[in-house]
Structure formats: C-alpha cells, structure tokens
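Good morning, and thank you for the time at today's meeting. Please look at the sequence and the structure as they come up, and I shall then take you through them.

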Protein chains: 2
Amino acid sequence: MMRRSFQVAARLGHCRTLLGAPCTLPRLNPASAFGSSTDALVSRFCKKKTDLKDYALPNASWCPDMLSMYQEFLEKTKASGWIKMPSFKSNREHIQGLKLPLGSAVTSDENDWRIFTRCIQVEGQGYEYVIFFHPSQKKSVCLFQPGPYLEGAPGFAHGGSLAAMMDEAFSKTAYLAGEGLLTQSLNIRFKNLIPVGSLAVLNIEVEKIEDRKIYISCVTQSRDQQTVYAKSSAVFLQLQLEEESSQ
Amino acid sequence: MMRRSFQVAARLGHCRTLLGAPCTLPRLNPASAFGSSTDALVSRFCKKKTDLKDYALPNASWCPDMLSMYQEFLEKTKASGWIKMPSFKSNREHIQGLKLPLGSAVTSDENDWRIFTRCIQVEGQGYEYVIFFHPSQKKSVCLFQPGPYLEGAPGFAHGGSLAAMMDEAFSKTAYLAGEGLLTQSLNIRFKNLIPVGSLAVLNIEVEKIEDRKIYISCVTQSRDQQTVYAKSSAVFLQLQLEEESSQ
C-alpha cells in the first residue's frame, strides 16, 4: 500500500503542480459517472439506506446546546431543504466504487483507515460533529463539540482541531456544492478560544465557483452568536471522482 | 471544570476582542516568573529530568527517513545548538505551575486531557512527530509522519491533520522564541498530498517579532526537498505565562 501511495502521490503532485497552468488540468466531464448535478452528488454521499455506521448521530456526550440545535436542524430537513450528512469512519466508505483523479482507486487492506475527524471513537473524548447541507443555497452548518483529547490551551480546543474541523466540513460542502475535491488554501483568523465540551457552530457558505475553483467562507461562533471563535476562508479545486469500472 | 472553562473563555475572549486595540492589551512584564529570555523558556519546556513520558522518541512505527533524520538532528543537538523538544501527553504537563493570562490556572481533574496532536496513543496510527528548535536562529524543524487515523483522501494525510501539526509546531516555536502564546492567524497553501506513513519535514522560521506579535513561516516538504507539500504562515500573540503562586 505504501509503495502504491507514493506512486499516486507523485501523480497527484504532478496534477497539483500543473494547477498553475490551467490548460493542463484534466477537463471536467459533464457526463461523469454519477452526473455532476448537486442532487446526484447528494444522493451518493447521503445514502438513506446503508449498513455503515453513521457517527453524526446524538450520543450521551452531546451538550444540551448541541442536542437542541441538532433537533432544530433535523426539523429543517423535513421542510426547508436542509440535508443531514452522514459521517462514516473513513472517506473510503463515502467514495466506495469511485477513484480519485489520475488513477488512484480505493482498495481495501488490513489497515484501520480512519478519516482524521473520526480518529477517536470514544464518545465525547474527541470530535463530535454533524454537518447539515443546503443544496440550493450551497451552504452548510456544522455543529462541533470538541472533547478533552482535542485540547490546546488548558480547557480549550486546540486551534489545529478547529482548523481540521473546518477543512473537513469545507471539503464535504465543496464536494456536494460542485465536486470540489482538494483543498488549495485555508486561511483562518482565530478570535476566541472554544471551551472543551461546548458547542461551536460553523456557518459555511460557498461564495462562488469560478475557473474550476470553489471559494468558501465560514464564521465559527457560539450558538447565541455572541462569541465569534474564528473567521476563515478556503479555496477548493474541482476534480471529478470517476466510477471505478469505467476505466 | 466546564463552568470554569466558560468563565475563562469569556475573559480570554475579552482579551482577544481587545487585541484590535493594542493599548488595552496586558503589558508584558519583563520580570516574568521564569524570565523572558529564550534560555529560560527552553530550560522550562525542555526539561532534562522529568518523570513525564516523552512521546517524541523513536518507536517501531517510524519509517527509515524519519529515523535517520531524527538521528541526524540528534547529532546536531551535541554541537550545532539545536535542542530536541520533549512532547508530553498534555500541554498541562508542559506548563505545570503556570497559569494562562487573565487568571486561568491549570487544575487537575478526572478528565483524560490530551494535547490534540497526542490524542492517539497507539504507535504509528496517529501523529508521530518530533520538533527540534534552534534558540539563536529562532527556527524549528518538525519531523511528521501521519498514520492511517489521519487520513483524508484515501492513502493520504488529511489536510486538517497537517494544519493541526503546523499550529502545534508553530505554537511551541513561538513560545520558545518569544512567548508567543495564542494563534491569531494561520494561512496554508497546500501543494501536494502527504502519503500516510511517510515523512514530511516542516521547516519553520520566525520571520520577525513586532508589536507583540510573532510572525512565522513554514515550508513543508519531503526529505529530499523535491516535493513541497505546503507553504504556510502564522501570527502568534505574545502573552506571558505567570507562576501560579505569584498571584
């Protein structure tokens, strides 16, 4: 697996290097395996029937703010067009049967692969989060409760844990909003520390999609909006995943 | 603990809010508990004798590049002024007996607090890293090997895991170089994906210290410098830790 990864790295690296020269980027294919419409992407990512464990569900560790805001958004999924995104243990489970651009298919092996933001499986100790997405408005809300394994300054979430939460919530949003796949840049201005065990709300918006790039902004704040924890922005590159059997 | 944390958050939040108005920042005290010299900070952070477990030591999961570059820098600690930084399970262990500005003392409780970048204790599965610091040159080198729990795209480290590694290595560097304590901003341009299980080298430099801010830059690349994984920069705020008994 490692040797193969290095080969893929070289190729993806080549792709990234080429990103400075747009003419050499792989052309987007409007007739991709699952269609490029938001609906098609959402139906693939947010399967209603699956045997995979969804980690974005309430558990005993959730604080009252997290629970009640979750319920509030769950109501919005019934009438206001919001979708609750499932969250599996690994990105490999999200993109089963697909391969990354330039030939990197997802293979199974004996490693216990975990998506970084689900690396800690003890309830309440690490990341607790759920992402809701609004396809037509191209925005997301991520409810994030950091546990004591995510500490930086004593009693507060590590800045890096928030950065990773942003990158993960942005990447899912960028993919569903327009097949944004790779983070090109991430800029964060930290304003206040997030207390461990409390709720931080990431309000994520796709600002524009232009020249195969997806521009995203985010304000992270307390539920009552009285405390801004951070403001951030990111750019993602559009690259389509292809069906494994198509090549 | 939680209620206390919220109170502290409010106060630190107040401090952060005030950062836009420099006149209201707490004045730096040249005669801090441990002195503000780099030597004093280093001797506190990099204790030669301690019972605490140092996680920045080689283990069976380290890849050959990581091991040999570690040995190379270990040699440099004998003659070239480099210092190997220990890495404890929690920041609380690094700053024992100190308190954050504005009254947040480190207390012990029953929670298993972990610094985010040491949240996974199974060797090789999560973060493997070691930081070397050069006091007079005010620069650091962080050897970082991401494990399979840090995955983003299949086979590669999550962008957020690198962001967190940066924030952590930057914060230790900023503290030792000039009591930089809180991340104000973090900007990352990702260039290539890091294969899981391989070595990424973060070359960190303090660019300047001005107006109570520490400006840091970093190039993350492969050992042979042929592949740049990311370029990044950050600004940290200078705030002194005080001895707990002094207030």
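Let me begin with a question: is A:Asp54 buried or exposed? A:Asp54 counts as buried, because its relative accessibility is 18%, and the cut-off for that word is under 20%. I should say at once that this is a predicted model, and the values I quote are computed from it.

A:Asp54 has a charged partner. It forms a salt bridge with A:Lys84, with the closest N and O atoms 2.6 Å apart. This pair links distant parts of the chain: A:Asp54 sits in the loop between α2 (38-45) and α3 (64-79) of chain A, A:Lys84 sits in strand β1 (residues 83-85) of chain A, and 30 residues separate them. A:Lys84 likewise counts as buried, at 18% relative accessibility.

Strand β1 of chain A deserves another moment, since A:Ile83 also has its place there. Setting aside residues up to four places away in sequence, A:Ile83 touches A:Val42, A:Cys46, A:Thr77, A:Ile131, A:Phe132, A:Phe133 and A:Pro135. For a sense of distance, A:Ile83 and A:Val201 are 118 residues apart in sequence, and their C-alpha atoms lie 16 Å apart in space.

I turn next to helix α5 of chain A, where A:Lys172 is found. Which residue does A:Lys172 meet in a salt bridge? The partner is A:Glu168, and the closest N and O atoms are 2.7 Å apart. The two residues are separated by about one helical turn, because they stand four residues apart in helix α5 (residues 159-178) of chain A. Both ends of this bridge are buried: A:Glu168 has a relative accessible area of 2%, and A:Lys172 has one of 6%. The surroundings of A:Lys172 can be listed as well. Leaving out residues up to four places away in sequence, A:Lys172 touches A:Phe45, A:Met85, A:Asn91, A:His94, A:Ile115 and A:Ile131.

For a contrast in exposure, consider chain B. There, the side chains of B:Lys89 and B:Asp112 meet in a salt bridge of 2.8 Å, N to O. B:Lys89 lies in the loop between β1 (83-85) and α4 (91-94) of chain B, and B:Asp112 in the loop between β3 (104-105) and β4 (127-134) of chain B, so this bridge ties together parts 23 residues apart in sequence. B:Lys89 is partly exposed, with a relative accessible area of 23%, and B:Asp112 is partly exposed too, at 24%. Elsewhere, salt bridges that share partners join A:Asp65, A:Glu72 and A:Arg223 into one network. Over all chains, the count comes to 18 salt bridges.

We come now to the two chains together. How is chain B laid on chain A? A turn of 180°, with a shift of 0.0 Å along the axis, places chain B on chain A with an RMSD of 0.0 Å. The two copies are therefore related as by a two-fold rotation axis. Of the residues of chain B, B:Asn187 comes closest to that axis, its C-alpha lying 2.1 Å away. The same surface serves both copies, in that 98% of the contact residues of chain B recur in chain A.

How much area is buried between chain B and chain A? The figure is about 4,800 Å², and carbon and sulfur atoms give 63% of it. B:Phe116, B:Tyr149 and B:Pro154 supply 15% of the area that chain B buries against chain A, more than any other three residues. In terms of contacts, 59 residues of chain B are in contact with 58 residues of chain A.

Finally, the polar side of this interface. Two salt bridges are counted between chain B and chain A. One of the salt bridges in the model joins B:Arg92 to A:Glu151, with the closest N and O atoms 2.7 Å apart. Across the interface, 24 residue pairs are in polar contact. On the side of chain B that touches chain A, α1 (2-18), α4, α5 (159-178) and β6 (180-190) of chain B each supply at least two residues. By class, that side has 30 nonpolar, 20 polar and nine charged residues.

Thank you for your attention.

Key:
Residues are numbered from 1 along each chain as its sequence is written. Chains are lettered from A and ligands numbered from 1 in the order in which they are written. This is a predicted model: local features need pLDDT of at least 70, side-chain atom pairs count only at pLDDT 80 or more; totals for chains, interfaces and linings use all residues. Side-chain values use heavy atoms; hydrogens and water are left out. A salt bridge is a side-chain nitrogen of Lys or Arg within 4 Å of a carboxyl oxygen of Asp or Glu. Buried means under 20% relative accessible area, exposed over 50%, partly exposed in between (1.4 Å probe, protein chains only). Copies are superposed by least squares on the C-alpha atoms of residues with pLDDT of at least 70 in both. Contact means heavy atoms within 4.5 Å. Buried area is the accessible area (1.4 Å probe) that two parts lose on being put together, summed over both. A polar contact is a pair of N or O atoms within 3.5 Å; within protein, one must be able to donate a hydrogen and the other to accept it, and residues adjacent in sequence count only if both atoms are side-chain atoms. Ala, Val, Leu, Ile, Met, Phe, Trp, Tyr, Cys and Pro count as nonpolar, Asp, Glu, Lys and Arg as charged, and the others, Gly among them, as polar.
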